[in-house]
Amino acid sequence: MNSDALPRSRNFVGHGGIRLAADVWGEASSPPLVLLHGGGQTRHAWDRTGPRLAALGWRVVAPDLRGHGTSAWSADGDYDLDLFAGDVRAIVAEVGGRPVLVGASLGGLGSLLAAGEAPRAAVRALVLVDVAHRPDPRGFHRIVAFMRHHPDGFDDVAHAAATVSAHLPHRPSPPDPKGMLTNLRRRGDRWVWHWDPRMLDSFEGRMDPPGMAERLLDAGRHARVPILLVRGGSSDVVREEVAQQFCDEVPGARRVDVAGAGHMVVGDRNEHFLDAIVPFLEEVACASG
């Protein structure tokens with residue numbers, strides 16, 4: 001691997017003092033950009049994206065969300081969206097320099113609330129990756145059902161990789177299943193997902209409660225920064241009409257679809273994802289410069 005693609009490790013202090021592990025690419029003097037992964041992922045979801053954006057002149061920070069990867073778990077098992085938003089605010093304050101936030105799914109929801117609700121995080125722009133104000137229940141429950149599958153873990157890494165391939169049949173299977181190791185941890189003689197399983201109860205009970213859609217739209221309206229909504233062209237989580245409604249009702253929001261990508265846009269079509277966001281980031285950088 002090119003040494004320029006190797007990240008530096010760093011810890012952040014999130015809401016309530018929780019420890020958040022992160023990878024960092026780029027020069028300290030470069031404008032900051034924070035990549036926030038989706039639920040059930042880790043910071044390694046951005047392993048191809050981070051170095052590419054750093055090469056374009058950004059200082060890129062990719063944390064593990066609380067309860068994910070090597071970040072700490074919530075002591076009481078609470079994973080309310082407000083806690084994720086509080087973590088985003090804490091990261092933004094520690095990073096400084098009014099970063100751009102790029103948030104996928106859960107990371108996007110936390111970013112939107114952090115940027116649009118008091119105390120508003122000082123950010124330059126938002127990129128929301130296949131997330132808007134109202135998820136399609138079918139796609140949402142499909143993802144949660146997958147996350148609940150195999151609660152006792154897997155025999156080996158190849159077993160986990162095969163399970164993911166069955167869940168994402170449109171994506172070519174990786175040539176080496178060892179790439180799955182960043183999303184797994186050992187528990188006895190089994191391999192389990194690298195996130196707190198208690199998180200799923202919070203997701204199912206609080207992801208789309210009454211009033212949440214309007215709350216997220218209101219956060220978008222009050223963020224007062226440029227917003228790019230990147231929707232997977234084949235997404236079953238964000239319907240096309242919902243993405244368009246968000247952009248119609250949130251000043252400064254625009255949308256682009258990535259053809260051939262489902263909800264996991266970055267993993268499905270990473271090159272096309274970069275093609276979709278780089279012009280927006282260049283505009284943001286020019287406007288700020």
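A disulfide is a covalent bond between the sulfur atoms of two cysteines. The model before us, which is a predicted one, holds zero disulfides. Two of its cysteines may be described by their surroundings. C247 is buried, with a relative accessible area of 11%, because the cut-off for a buried residue is under 20%. C286, by contrast, is exposed at 64%, since exposed means over 50%.

I turn next to helix α2, which covers residues 81–95. At 1.5 Å for each residue, its 15 residues should span 21 Å, and the end C-alpha atoms do lie 21 Å apart, which agrees. Is this helix enclosed by the rest of the structure, or is it open? It is largely enclosed, because eleven of the 15 residues of α2 are buried. Among them are L81, L83 and F84, together with the charged residues D87 and R89. At the start of α2, a side-chain oxygen of D80 comes to within 2.9 Å of the backbone nitrogen of D82. After the helix comes G96, which has a positive phi, near 70°.

My last topic is the second largest pocket, which holds about 200 Å³ of space. Which elements each supply at least two residues of its lining? They are α4 (137–148), β7 (184–187) and β8 (190–193). The lining includes M147 and R148, R185 and R187, and V192 and W193. H149, H150 and P151 also belong to the lining, as do W195, P197 and L200. By character, the lining residues of this pocket comprise seven nonpolar, two polar and three charged.

Methods. Residues are numbered from 1 along each chain as its sequence is written. This is a predicted model: local features need pLDDT of at least 70, side-chain atom pairs count only at pLDDT 80 or more; totals for chains, interfaces and linings use all residues. Side-chain values use heavy atoms; hydrogens and water are left out. On a 1 Å grid over the protein atoms alone, a cavity is a set of points where a 1.4 Å probe fits but cannot get out, and a pocket is an open set with protein on both sides within 12 Å along at least five of seven lines; lining residues have an atom within 4 Å of a point. Grid points are joined across faces, edges and corners, and a volume is the space filled by probe spheres set on the points. Helices (H or I, at least four residues) and strands (E, at least two) are DSSP runs, numbered from the N terminus. The expected span of a helix is 1.5 Å times one less than its number of residues. Buried means under 20% relative accessible area, exposed over 50%, partly exposed in between (1.4 Å probe, protein chains only). A polar contact is a pair of N or O atoms within 3.5 Å; within protein, one must be able to donate a hydrogen and the other to accept it, and residues adjacent in sequence count only if both atoms are side-chain atoms. A disulfide is a pair of cysteine sulfur atoms within 2.5 Å.
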